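Here is a friendly walk through one structure, looking at its pockets, its charged pairs and a few backbone details. Have the view at hand and turn it as you read.

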Amino acid sequence: MSEAELRTAVASHRWLQSLRLRADLVTPGLKPEAQLQAEEAALLDTLNLKGAHVLEIGAGNGAFSFAALRRGATRVLATDHLAWTLPGSDALSATQWAAHALGAELEMAPLDPRELTPRFGNFHVVMATACFDQLFNPIQALRGMRSVTERVLLIETLQEGLSDPRPLMMGHGQVLPIGGPEGSWVFGWAPNPAVMTQLLTDLGFSRVLYRDHPTLGAARGLYAAFLPAAPDGLLEGFHTPWISLTPPPAA
């Protein structure tokens, strides 16, 4: 692939994420590079990914999957359903171009997380960004993600109802630059920490940690949910501003 071919490909695609493909070439994505870098640090600086198998749900253009490979993961599977299957969407093609440009050995597959079952296999780390706000049935998707998580599930999502102690979610709609030329209207949900804690513990996660988004504050939340079988040392990187939403296990 020549530099001219790469720049033509970048210009001819609509990008969801601003990926740095060369020192002087960043894809013109909906999410800025600085925000992606801040989210990557908040989610992944906490974990040692060397040798890990990682599954990304809702990969968009694969920013966090590429980050996991850079951090030493030996297998990374990037998946998306909405952005990669809507008629007229070129997000998967854009991701393939990015992987080629970066020389990344990234596995890619269109996948609806609501259809995940244990037969799909297990991953040490499962991560899902924009998890609830782009899913009509996020609870079913959470069940699917739990079924393939071996250690930890990382979630980034829109939030509402933060001052309400009741577990709740609020409907949320937005237009995303996927599908047709004018984009697509997407309906999803904005949960609060109380409902996230309830759902994750009901699904068998023993510890749930939380922090505000590194650049957008409490408008979006980051969650790390650990299964009982996760190694004890896995939580060591989760320092302030991460807080526990569940009581520590009994001694």
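## Pockets and what lines them

By class, nine nonpolar, two polar and four charged residues make up the lining of the second largest pocket. Before going further, please keep in mind that this is a predicted model.

This second largest pocket holds about 310 Å³ of space. Its lining comes from 15 residues, and those nearest the centre are Leu19, Arg20, Ala63, Phe66 and Arg70. Two elements, helix H2 (33-44) and helix H3 (63-70), give two or more residues to this lining. Which of the elements gives the most to the lining of the second largest pocket? That is H3, with six residues.

Now turn to the largest pocket, with about 620 Å³ of space. A total of 31 residues line the largest pocket, and Gly58, Thr129, Ala130, Gln134 and Leu176 are the closest to its centre. At least two residues of the lining come from each of strand E1 (15-17), strand E4 (29-31), helix H4 (82-85), strand E8 (123-129) and strand E10 (169-176). By class, the lining of the largest pocket has 17 nonpolar, eight polar and six charged residues.

## A nonpolar patch on the surface

Strand E10 deserves a second look, as it also holds Val175. Together with Phe136, Trp185 and Phe187, Val175 makes a nonpolar surface patch of about 490 Å². Is Val175 buried or exposed? Its relative accessible area is 52%, and because exposed means over 50%, Val175 counts as exposed.

## Charged pairs

How many salt bridges does the structure hold? There are 12 salt bridges, and three of them are set out below with the distance between the N and O atoms.

| Basic residue | Acidic residue | N to O distance |
|---|---|---|
| Arg22 | Glu3 | 3.0 Å |
| Arg20 | Glu33 | 2.9 Å |
| Lys31 | Glu39 | 3.0 Å |

Start with the salt bridge between Glu3 and Arg22. Glu3 lies in helix H1 (residues 3-12) and Arg22 in strand E2 (residues 20-22), so this pair ties together parts that are 19 residues apart in sequence. Glu3 is partly exposed, with a relative accessible area of 36%. Arg22 is partly exposed too, at 24%.

The side chains of Arg20 and Glu33 also meet in a salt bridge. Here strand E2 supplies Arg20 and helix H2 supplies Glu33, so the pair ties together parts that are 13 residues apart in sequence. Arg20 is partly exposed, with a relative accessible area of 40%. You have met Arg20 already, among the residues nearest the centre of the second largest pocket.

Are the two partners of the bridge between Lys31 and Glu39 buried or exposed? Both Lys31 and Glu39 are buried. Elsewhere, Glu40, Asp45, Arg70 and Arg71 are joined into one network by salt bridges that share partners. Arg70 of this network is also one of the residues nearest the centre of the second largest pocket.

## Backbone details and two distances

Ala130 brings several of these threads together. It lies in the loop between E8 and helix H6 (138-148), and it is one of the residues closest to the centre of the largest pocket. What is notable about the phi of Ala130? The angle is near 50°, a positive value in a residue other than glycine. Ala130 has a relative accessible area of 17%, and because buried means under 20%, Ala130 counts as buried.

Next, look from Ala130 to Trp189: their C-alpha atoms are 9.9 Å apart in space, while the two residues are 59 apart in sequence. Trp189 is found in strand E11 (residues 184-191). With a relative accessible area of 24%, Trp189 is partly exposed.

Towards the later part of the chain, the peptide bond from Thr240 to Pro241 is cis, with omega near 15°. Pro241 is found in the loop between strand E13 (217-226) and strand E14 (243-244). Leu245 lies in the segment after E14 and, at 28% relative accessibility, counts as partly exposed. From Leu245 to Met127 the C-alpha distance is 19 Å, with their positions 118 residues apart in sequence.

Technical notes:
Residues numbered from 1 in each chain as written. Predicted model: local features only at pLDDT ≥ 70, side-chain atom pairs only at ≥ 80, totals over all residues. Heavy atoms only, no water. 1 Å grid on protein atoms, 1.4 Å probe; cavity = no way out; pocket = protein on both sides within 12 Å on 5 of 7 lines; lining within 4 Å. Points joined across faces, edges and corners; volume = space filled by probe spheres on them. Helix = DSSP H or I, 4+ residues; strand = E, 2+ residues; numbered from the N terminus. Nonpolar A, V, L, I, M, F, W, Y, C, P; charged D, E, K, R; others polar. Patch = residues over 30% accessible without salt bridge, like charges linked within 9 Å, V, L, I, M, F, W, Y side chains within 5 Å. Areas by Shrake-Rupley, 256 points an atom, 1.4 Å probe, with all protein chains shown as cover. Salt bridge = Lys/Arg side-chain N within 4 Å of Asp/Glu carboxyl O. Buried < 20%, exposed > 50% of the residue type's maximum accessible area, 1.4 Å probe, protein only.
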